Amino acid sequence: MFLKVLALASLVSAETGESSKDTIGVRGVSPGNATFYIPDEDGMFACLAYPDIKISFDRVNDNYCDCPDGSDEPGTSACSNGYFYCAGSGNFLPSRYVDDGVCDYDLCCDGSDEPAGECENRCAEYEQEKENERHKFLQHLDKGRQIRHSYIHEAALRKEALRNKTTELEKEYNELTTKLKNLKVDYARIREEDSDSTADADSLQALGALRKTMNTAQKQYKKLYKELVDALDSYNKINLAMKKMVEEYNPNFNDPAVKECIKEWISIPKLPAVIDYQPFTYDENLFSKIKIMSYDTQQLNQASWFEQLQSMVSEFLGAWVPVSESSQIKNVGSVRAQAVKDVIDDSVIELKEMKKELAIAKKSLKLDSDFWGPDEVGRALEDICLTTTTSEGNDIEVCLFGQARMGNSNSVVSLGTSRGIREEKGHIVIDFVSGDPCVYGISRTLKVVFECGDVHQLNSISEVDACVYVINGTSPLGCAPVAAHELPGSDIHDEL
Amino acid sequence: MQFLHLVQLALYVQTCFAVKEWMFRKCSQNPFCQRNLDYAEAPPGGVYSMTNLNFDNLKNITGVITKRLDSAEAEAAVGANADGFVELPFRLELVNDNTLRFLVDESGRKIVDRDLENVLSSERFSPEQYVLDYDLIEKWRPTREPEMAASETGFRMLYGKTLNSRVDVEYSPPKLTFTHNGEEVLRINDDYLFNLEHLRKKQASDPMSWWTDRFDKHTDRRVRGPESVALDTKFMNFAHVFGIPEHADSFVLRKTDFTGDVHEPYRLFNVDIFQYDTNSVMPMYGSIPFMLAQRPGAAAGVFWLNSADTYVDIGQQHTRNTRAHWISETGKMDVFVFVGDSMKDLLSSYGYVTGTSAMPQMFALGYHQCRWNYRTQEELLEVDKKMDEHNVPYDVIWLDIEWTEKRKYFEWNLENYPDPELMMKKLEAKNRQLVVLNDPHIRVEPGYEPYDEIVNGPAILDNRGKKAFVGHCWPGQSIWIDGLNPEAVDKWTKLCAKGTPIGLDANNLHLWSDMSEPSVFSGSETTAYKDLVHYGGFQHRDVHNVYGHTVFDLTTEALKRRYEGKKRPFVLTRSFFAGSQRFGPAWTGDNQAEWPYLQSATSTILSLGVAGMPFVGADVGGFFKNPDLELQIRWYQAGCYYPFFRAHAHEDSDYREPYLLDSPFFDAVQRAIQLRYQLMPEYYTLFHEASIELKPILRPLLYEFPDSPEIYTTEDEFMIGSSLLAMPVVTKNAHNVLLFVPDDELYWYDYSVGQIIPGSPLQINVGMDTMPLFVRGGSVVFTKQRMRRNTKAMARDPYTVIVAFDKDGHAKGHVYVDDGETYAYENGDYIDFEIELTEEGLIGRALHTAPGYEHLYIEKVKFYGGDVVETPYARMETEALEESFLMRTQPQDYGYSFENAHLPISSDWFIRIY
């Protein structure tokens with residue numbers, strides 16, 4: 001009996017050479033399973049998962065599959081569901097890799113997956129490599145965690161500062177509100193006092209109306225000008241894109257839509273010298289002058305000038321200003337009242353801005369770890385943007401808590417707006433949603449996945465689905481404390 | 001009004017993703033074609049006569065066909081003799097036992113153009129030196145002297161191994177009638193459509209279109225004027241004809257004249273036909289002007305050896321005859337007529353003329369993973385890794401055009417692939433191969449070596465024949481290598497050599513020759529202008545269809561030299577011609593991820609197979625657009641049978657590597673790929689047969705069952721070799737398929753479970769993972785059942801053999817094995833092993849054996865037993881009685897099996913079955 005086992009063991013080791021010295025007897029069996037690979041008193045082997053099925057022990061590793069679970073052929077490729085134990089790496093690999101002419105050092109560093117003499121033992125260098133990797137990883141982890149820790153500290157500081165700012169703002173806001181209330185009382189009083197002195201009431205009224213018209217016109221002009229600039233910008237972009245298409249389109253694609261589009265484009269008259277377009281510069285001074293003149297009561301006597309001005313304004317600005325406003329003449333009040341009114345108007349605007357600022361600060365404060373991540377660490381990186389380049393040469397900019405954009409000098413598209421930090425499978429993930437639409441009108445979305453690293457870095461980008469992008473990167477953000485078993489190189493297990 | 005608007009929009013959307021028909025000349029837009037169709041309306045009599053016949057050598061009868069002209073035309077003709085005749089020397093050559101060649105030329109030609117008289121050749125062009133396989137022709141010379149009897153008006157010649165074929169030749173008008181086994185099979189010029197437009201000087205009265213015309217914004221000037229050749233060949237008593245690929249049309253050719261439903265002839269003109277349509281007679285990337293017809297007991301084929309723009313008009317006559325009207329723009333009239341008992345005979349004879357199929361390396365038969373493009377070295381290696389991790393076997397990974405720097409072939413983009421040599425070494429460590437794209441156009445860029453080498457050397461020249469033609473293709477301004485120029489192969493070899501940027505020192509690099517129609521973006525009909533000048537002073541119009549073939553030839557040769565003749569080269573081509581089978585595989589070009597393209601792929605592959613191009617495939621999954629899950633799975637389930645099995649996807653398509661699928665869809669795809677690997681021994685054996693006799697790999701049923709006319713038009717089922725019948729599911733939402741099996745005398749078994757099928761037609765329920773595949777009773781199929789990562793990994797694995805009983809309990813089959821890589825097999829280093837089941841038992845015969853294969857054995861034999869009721873005893877008998885032993889037999893649902901059999905395939909054995 002004993003002799004037979006020995007004989008088999010020596011047979012197997014003769015076949016598999018060096019590698020089998022590490023295991024006990026039967027090729028491809030792990031130390032933990034070694035006890036099952038000894039013939040029972042009848043010289044039989046019981047399939048591991050089907051102990052009722054017994055086969056003669058000489059059918060173990062005879063390169064023919066007998067057990068439904070493949071356990072009779074740990075050292076050959078006979079069973080498609082079998083596993084081979086590699087002693088050098090201390091792990092299992094699928095039987096299909098056994099004796100297939102490839103030294104799978106990554107899976108089996110001692111080369112025992114192939115017949116003796118075909119592969120060398122590279123465990124030492126793999127061990128070293130693994131050790132280096134582990135060491136490097138631990139270093140990164142350590143450093144990354146330190147940095148992350150400093151972020152948490154910074155985040156807390158920023159939160160505190162924001163809170164202080166909010167308090168201050170609220171205080172200022174209240175003060176200004178009170179001031180405004182008083183001003184309004186003053187204004188009412190002055191208007192009361194002025195109600196009798198109507199020396200040149202008509203002129204004053206007209207002036208007031210004119211001033212209002214001027215303000216409205218000014219606003220309209222600014223708005224229109226901005227729209228014009230935007231439109232020109234769009235036009236330039238379209239022009240560049242079309243130019244590129246006209247020059248570079250691939251006629252092999254023979255797409256009638258493209259050809260039609262190019263033909264159409266060529267037929268549309270182009271804006272003259274679009275690139276060199278010098279926009280009409282809006283003259284702040286002109287408007288100021290007019291305003292000042294309208295205050296100057298000394299001018300009031302020069303009725304003809306005033307009439308000229310009035311007709312000129314209505315002529316030039318009439319198109320922009322609703323008729324009702326320009327023609328309606330209201331009793332606005334005296335110059336004194338006007339001065340107070342100005343202060344009131346300015347205060348209202350200031351209050352509005354303050355309110356906005358306050359709202360933003362409050363919103364930021366209200367966002368908790370669901371947005372900023374654990375310990376609200378993201379606050380420390382609120383304004384950080386990372387960049388990378390795609391293999392096609394497009395630039396990508398990812399502002400972690402703002403917008404993500406992709407593009408080149410000709411065009412830029414939004415990949416979405418940050419939804420804040422979340423965790424997924426041990427990694428830190430930031431999703432960007434509702435980006436610019438791409439094909440079929442789907443909004444672009446981006447998912448940035450950070451592994452632990454001591455620097456912020458974006459690595460590969462891939463479009464995993466239409467308009468769905470994923471970027472992998474490293475960041476100290478990803479260095480959350482991890483359990484020891486998640487460290488690389490610790491995936492050694494000894495049993496099937 | 002609003003409604004009308006919407007309707008128009010819908011129509012537009014439907015058509016915008018289809019071929020641009022208006023970009024390609026229809027017959028009516030191609031003056032030479034229309035002239036011949038007009039000619040066919042009322043062919044004039046008494047024009048052509050045969051004279052001066054010389055019967056000294058009956059295997060090569062020569063003579064002259066005279067063309068009689070009226071006095072005005074005689075005046076206009078360049079080469080008319082004093083009697084007003086143009087002389088057309090002809091020859092009738094018995095090439096091999098089944099093949100007669102009828103070749104007509106024109107004498108007295110000269111170029112009447114002051115600028116071009118020293119540039120252009122005055123000869124009519126023949127592509128024969130590029131197409132014919134002279135070694136094989138020599139090897140298969142006729143075995144028997146023909147017998148001849150002449151009269152005043154003609155002669156009759158008996159030929160063939162048993163003189164069972166006959167040709168009757170009438171002199172005036174010339175007419176040839178072929179008879180095989182006493183039955184008439186083919187007539188040539190029965191309808192007097194024989195027309196050879198002789199060279200003539202331009203006359204003021206000539207219609208303008210004879211000399212020049214304008215199409216797609218380009219003016220084609222024909223300095224030689226009209227010079228078309230045309231002929232009718234009538235297949236007598238054949239209802240159907242097949243062949244003349246490549247068309248995305250049914251396997252059975254449609255009637256294209258007034259007798260059919262499509263009133264446009266099939267066109268053979270190699271073009272980069274962007275987003276081609278299915279069910280179309282339009283030209284595609286390759287051309288093989290070879291047509292076949294078969295009926296029980298007789299078959300006839302015609303090979304029209306002409307590389308110019310060609311139309312074939314097919315019509316039905318007298319209900320059972322099928323006429324083909326061949327029309328080519330220029331060139332010689334060169335017709336090979338094959339006769340035989342069946343299509344098999346035609347194809348082997350055609351193979352002995354144009355060459356048999358190249359024996360590929362084993363890896364070429366594995367699964368190929370391709371995409372436009374794996375963008376970086378990192379990405380490519382990631383795909384490789386994922387395939388292993390998910391246990392998807394594959395042999396070859398591909399890089400499309402973006403592997404290059406600025407689309408300059410022969411130069412790596414080192415930014416994206418920083419260390420290509422390391423990348424290839426990593427693949428090589430797993431015995432995997434890399435194929436990169438390498439097209440015949442070269443970017444215009446002085447200083448770029450390929451440009452410098454070719455621009456003043458073997459380039460296609462402009463229409464003055466002065467300097468390299470410059471056109472537009474992928475790299476922008478480009479020049480084209482002239483594959484007809486004998487210098488081309490040395491240049492290409494130099495550029496492909498080891499140590500140069502393209503392949504560095506890698507041993508696993510191979511090439512993909514695309515765009516070789518040639519595709520010229522700025523050209524007319526997306527190809528080169530017809531008046532460009534090639535080597536030898538021929539115009540592009542003469543050589544067009546053989547151009548891609550010459551590029552394929554020189555690329556294959558360059559690669560062969562790169563590997564010092566030690567390894568069989570692998571080059572994939574898109575364009576091809578008759579004879580291209582000698583070099584390697586082709587694929588069916590840029591298809592779409594739509595069901596009709598999946599359906600059409602089978603028909604095209606079958607058509608190519610019977611026309612002598614067996615190593616072909618269609619892009620699995622569809623090139624353009626995105627297949628849905630069902631289509632993707634079904635395409636893998638059909639594609640795994642394609643002789644060339646490659647998945648490919650367009651740049652704008654989503655990634656769709658198999659491992660991106662989830663279970664159970666992944667499982668279905670994985671199973672299909674694994675099935676291909678299981679059948680690898682069978683496929684390799686079939687490729688060997690194709691290299692001997694040009695048998696198709698995928699065969700239409702009519703090829704294997706010529707006596708069953710009821711299955712002649714079946715094209716949704718096919719045979720893989722002679723033992724397996726497959727019926728891929730190619731319709732959406734299919735719940736069942738209706739299977740027809742030929743020949744009631746045969747048993748058919750389900751491939752995987754061995755169950756005998758009850759009869760035909762048979763409705764088979766199909767789930768998502770069902771792949772209807774059947775074993776023909778009486779055959780023996782060799783498989784390998786261990787799932788490895790690629791073909792090389794399987795090399796040492798033992799076989800599982802399926803022995804399928806026929807009605808009498810017999811079966812027979814063989815397997816071919818060699819080293820899968822080198823040419824050592826040519827020196828006898830291979831195994832051919834046959835297994836036969838008889839009443840006595842199972843016989844193993846080494847038909848051919850060589851040392852070094854002793855380790856190969858059969859581990860399991862499965863007997864698909866039909867009506868086996870009892871598991872027998874089986875004893876391996878050897879001469880030394882003490883070595884005899886009992887086989888381990890085991891009852892099975894399908895019959896019984898030999899377990900752990902350990903039967904060698906390099907020496908004989910006998911197993912007695914009791």
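Which residue in β8(A) does Arg405(A) stand opposite? In this predicted model, Arg405(A) stands opposite Ser414(A), a residue of β8(A), and the strands around this pair are a convenient place to begin reading chain A.

## Three strands joined by hairpins in chain A

Strand β7 of chain A, which covers residues 403–407, pairs in the antiparallel sense with strand β6 of chain A, residues 395–399, and four bridges are found between them. Within this pairing, Asp395(A) has Gly407(A) of β7(A) as its bridge partner, and the two strands form a hairpin in which three residues lie between β6(A) and β7(A).

β7(A) also runs antiparallel to strand β8 of chain A, residues 412–424, to which five bridges join it. Here too the connection is a hairpin, with four residues leading from β7(A) to β8(A), and it is to this pairing that the opposed residues Arg405(A) and Ser414(A) belong.

## The two chains as a whole

Chain A contains nine helices and twelve strands, and of its 496 residues 37% are buried. When the contacts in chain A with a separation of 6 or more are considered, residues 24 or more positions apart account for 47% of them. The accessible surface of chain A comes to about 28900 Å², and carbon and sulfur atoms contribute 54% of that area.

Chain B contains 17 helices and 54 strands, and buried residues make up 66% of its 914 residues. For chain B, the contacts with a separation of 6 or more come from residues 24 or more positions apart in 72% of cases. Its accessible surface amounts to about 31600 Å², with 50% belonging to carbon and sulfur atoms.

## A buried glutamate in chain B

Glu704(B) is found in helix α16 of chain B, which covers residues 701–704. Is Glu704(B) buried or exposed? Glu704(B) counts as buried because its relative accessible area is 8%, and the cut-off for that class is under 20%.

The side chain of Glu704(B) makes a polar contact with the side chain of Arg699(B) at 2.8 Å, and another polar contact links the side chain of Glu704(B) to that of Arg776(B) at 2.9 Å. If neighbours within four places in sequence are left aside, the residues in contact with Glu704(B) are Lys344(B), Arg699(B), Met719(B), Gly721(B), Ser722(B) and Arg776(B), so that both arginines of the polar contacts appear again among them.

## A six-stranded sheet and a nonpolar patch in chain B

An open sheet in chain B is built from six strands with antiparallel pairing, in the order β45-β46-β47-β54-β49-β50. The edges are formed by β45 (811–817) and β50 (885–886) of chain B, and because each has a single partner strand, one side of each is left without a neighbour in the sheet. At the β50(B) edge, strand β49 of chain B, residues 874–877, runs antiparallel to β50(B) and is joined to it by two bridges, and the bridge partner of Met876(B) in β50(B) is Phe885(B).

Which residues form a nonpolar patch on the surface with about 380 Å² of accessible area together? The patch consists of Tyr873(B), Leu886(B) and Tyr914(B). Of these, Tyr914(B) lies in the segment after β54 (909–913) of chain B, and this tyrosine is classed as exposed because its relative accessible area is 52%, where exposed requires over 50%.

Terms used
Residues numbered from 1 in each chain as written. Chains lettered and ligands numbered in written order. Predicted model: local features only at pLDDT ≥ 70, side-chain atom pairs only at ≥ 80, totals over all residues. Heavy atoms only, no water. Buried < 20%, exposed > 50% of the residue type's maximum accessible area, 1.4 Å probe, protein only. Contact = heavy atoms within 4.5 Å. Areas by Shrake-Rupley, 256 points an atom, 1.4 Å probe, with all protein chains shown as cover. Pairing = 2+ DSSP bridges. Polar contact = N/O pair within 3.5 Å; in protein donor to acceptor, adjacent residues only side chain to side chain. Patch = residues over 30% accessible without salt bridge, like charges linked within 9 Å, V, L, I, M, F, W, Y side chains within 5 Å. Salt bridge = Lys/Arg side-chain N within 4 Å of Asp/Glu carboxyl O.
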